[in-house]
Amino acid sequence: MSKRILFTGGGSAGHVTVNVALIPKFVDMGWDIKYMGSAQGIEAELIQKLGNVEYLSISTGKLRRYIDRENLKDPFRVIKGVYQAYQLIREMKPNVVFSKGGFVSVPVVLGAWLNRIPVIIHESDITPGLANKISIPFASKICVTFPETKKYIKSDKALHVGAIIREELMHGSSIKGLTLCNFTRNKPVIVCMGGSLGSQRINEILRRNLHHLIDKFQIVHICGKGQIDNSYNIYREYKQFEYVHHELVDILAMSDIVISRAGSNSIFEFLSLKKPMLLIPLSKEASRGDQVLNALSFKSSGYCEILLEENMDDDTFNEAIRNVFDKRYAIIERMESSESTNAVNKVVELITAIAT
């Protein structure tokens, strides 16, 4: 009989992309692959596009850091999710569970632990997220992207593996990207993205400054679900998407610089593609501050420029774009000397060993 693996993780694309990078390896090895997440989350949409993976939905809450009446209901949703996960895992009997984190993963990790199924957790950011903090005591191993993360995990279960990069990212076509966006080779290309859920502040400041940015650049704007503004379609040098899937590899291939939040998965993908970055991390007021730490780590290595959201206005935004573009060749040179960790194979070997 083939081995069986259960993946989990969701709430944002960053909690799914690592799993998407690993799943083809287990397909090739002939494993039975299942994925557990929420019914309506982005993980359902992304995983169901893969094929070869059975998707199982459970009830889940949301780990909010702000006051909301839904916080009163969420503990009951999580308890229901733990029960559902426990029952489903008892029936399917996976050899191992791999969790990428996000609020949906907590019931799955607890359900696996109650069934005595080994759990491997992956943490992308320098500091563990709240879901992973809850899950760490129930895990056999915790894989980390940054070596600094080990000091935040008071356990010998932490293992530095490096960044897990989707292999298909390395096969993008700049010609396909230009054709998709109806761009030319006459102007450099900026790709601006605020994460899978979008960023209203980044969207607003980019659009406010479009009229003079397009004098020098062509701009791809991945703005988030429901955030396209058709009034800006008058600009030929500006192309909007809510979210992109397989087209992203070609869009990034044609890009000269990237403007982005500082989620770990994304910035390591840009690093692997040697794309100079302007990082605008989520502020500590809106998050636990992990993106600021991620951005500072990349800045210290010379891979990016940083613009803190609290310092962002029209002048600082345009100046930061100019700085990254003017320094792009020096940034690329430093990126080319960065070490590759072959993280995908390390994690596959770890999962295989623990499943055995």
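Analyst: Helices (H or I, at least four residues) and strands (E, at least two) are DSSP runs, numbered from the N terminus. The model discussed here is predicted. In it, helix H1 covers residues 17–28, and just after H1, Gly 30 adopts a positive phi of about 80°.

User: Which residues of helix H1 are buried?

Analyst: Burial is judged by relative accessible area, with buried meaning under 20%. In helix H1 the buried residues are Thr 17, Val 18, Asn 19, Val 20, Ala 21, Leu 22, Ile 23 and Phe 26. Phe 26 also belongs to one aromatic cluster with Phe 7, Trp 31 and Phe 98.

User: How should the nonpolar core be read, and which residues of the largest one touch the most other members?

Analyst: In soluble globular proteins, nonpolar side chains tend to be buried together. Here the largest nonpolar core has 57 residues, and those touching the most other members are Ile 219, Val 220, Met 277, Phe 298, Phe 317 and Ile 321. Phe 317 may serve as an example: neighbours within four places in sequence aside, Phe 317 is in contact with Ile 205, Leu 206, Asn 209, Leu 213, Ile 259, Ile 280, Leu 307 and Met 312. Apart from the largest core lies another, of 32 residues, with Ile 33, Leu 46, Val 161 and Leu 350 among them.

User: How many aromatic pairs does a search of the whole structure find, and how is such a pair described?

Analyst: A pair of aromatic rings is described by the distance of the centres and the angle of the planes. The search of the whole structure finds 10 aromatic pairs. For Phe 217 and Phe 325 the ring centres are 5.1 Å apart and the planes stand at 90°, so this pair is edge-to-face. Phe 217 is in the loop between helix H8 (210–213) and strand E9 (218–222), while Phe 325 is in helix H12, 108 residues apart, and the pair thus links distant parts of the chain. Phe 217 is buried at 4% relative accessible area, and Phe 325 is buried at 8%. A further edge-to-face pair is formed by Phe 268 and Phe 298, 5.0 Å centre to centre with 90° between the planes. This pair links helix H10 (residues 264–272) with helix H11 (residues 290–300), its members being 30 residues apart. Phe 268 and Phe 298 are buried.

User: What sits over the ring of Phe 325?

Analyst: The charged end of Arg 328 does, 3.7 Å from the centre of that ring.

User: How many salt bridges does a search of the whole structure find?

Analyst: There are 11 salt bridges in the whole structure. In one of them, Asp 32 meets Arg 4, with the closest N and O atoms 2.4 Å apart. Asp 32 is in strand E2 (residues 32–37) and Arg 4 in strand E1 (residues 4–8), so this salt bridge ties together parts 28 residues apart in sequence. Asp 32 is partly exposed at 21% relative accessible area, as is Arg 4 at 24%. Arg 4 and Asp 32 are also linked with Lys 34 and Glu 54 in a network of salt bridges.

User: Where do Arg 208 and Asp 314 lie?

Analyst: These two form a salt bridge, the closest N and O atoms being 2.9 Å apart. Arg 208 is in helix H7 (residues 200–208) and Asp 314 in helix H12 (residues 314–326), 106 residues apart. Arg 208 is partly exposed at 44%, and Asp 314 is partly exposed at 27%.

User: Is Glu 305 buried or exposed?

Analyst: Glu 305 counts as buried, at 13% relative accessibility. Its side chain meets that of Lys 299 in a salt bridge of 3.1 Å, N to O. Lys 299 is partly exposed, with a relative accessible area of 35%.

Note on methods. Residues are numbered from 1 along each chain as its sequence is written. This is a predicted model: local features need pLDDT of at least 70, side-chain atom pairs count only at pLDDT 80 or more; totals for chains, interfaces and linings use all residues. Side-chain values use heavy atoms; hydrogens and water are left out. A salt bridge is a side-chain nitrogen of Lys or Arg within 4 Å of a carboxyl oxygen of Asp or Glu. Buried means under 20% relative accessible area, exposed over 50%, partly exposed in between (1.4 Å probe, protein chains only). A nonpolar core is a set of buried Ala, Val, Leu, Ile, Met, Phe, Trp, Tyr and Cys residues joined through side-chain atoms within 4.5 Å. Contact means heavy atoms within 4.5 Å. Rings of Phe, Tyr and Trp (its six-membered ring) pair if their centres lie within 6.5 Å; planes under 30 degrees apart count as stacked, over 60 as edge-to-face and the rest as tilted. A charge sits over a ring if NZ of Lys or CZ of Arg is within 6 Å of the ring centre and within 35 degrees of the ring normal.
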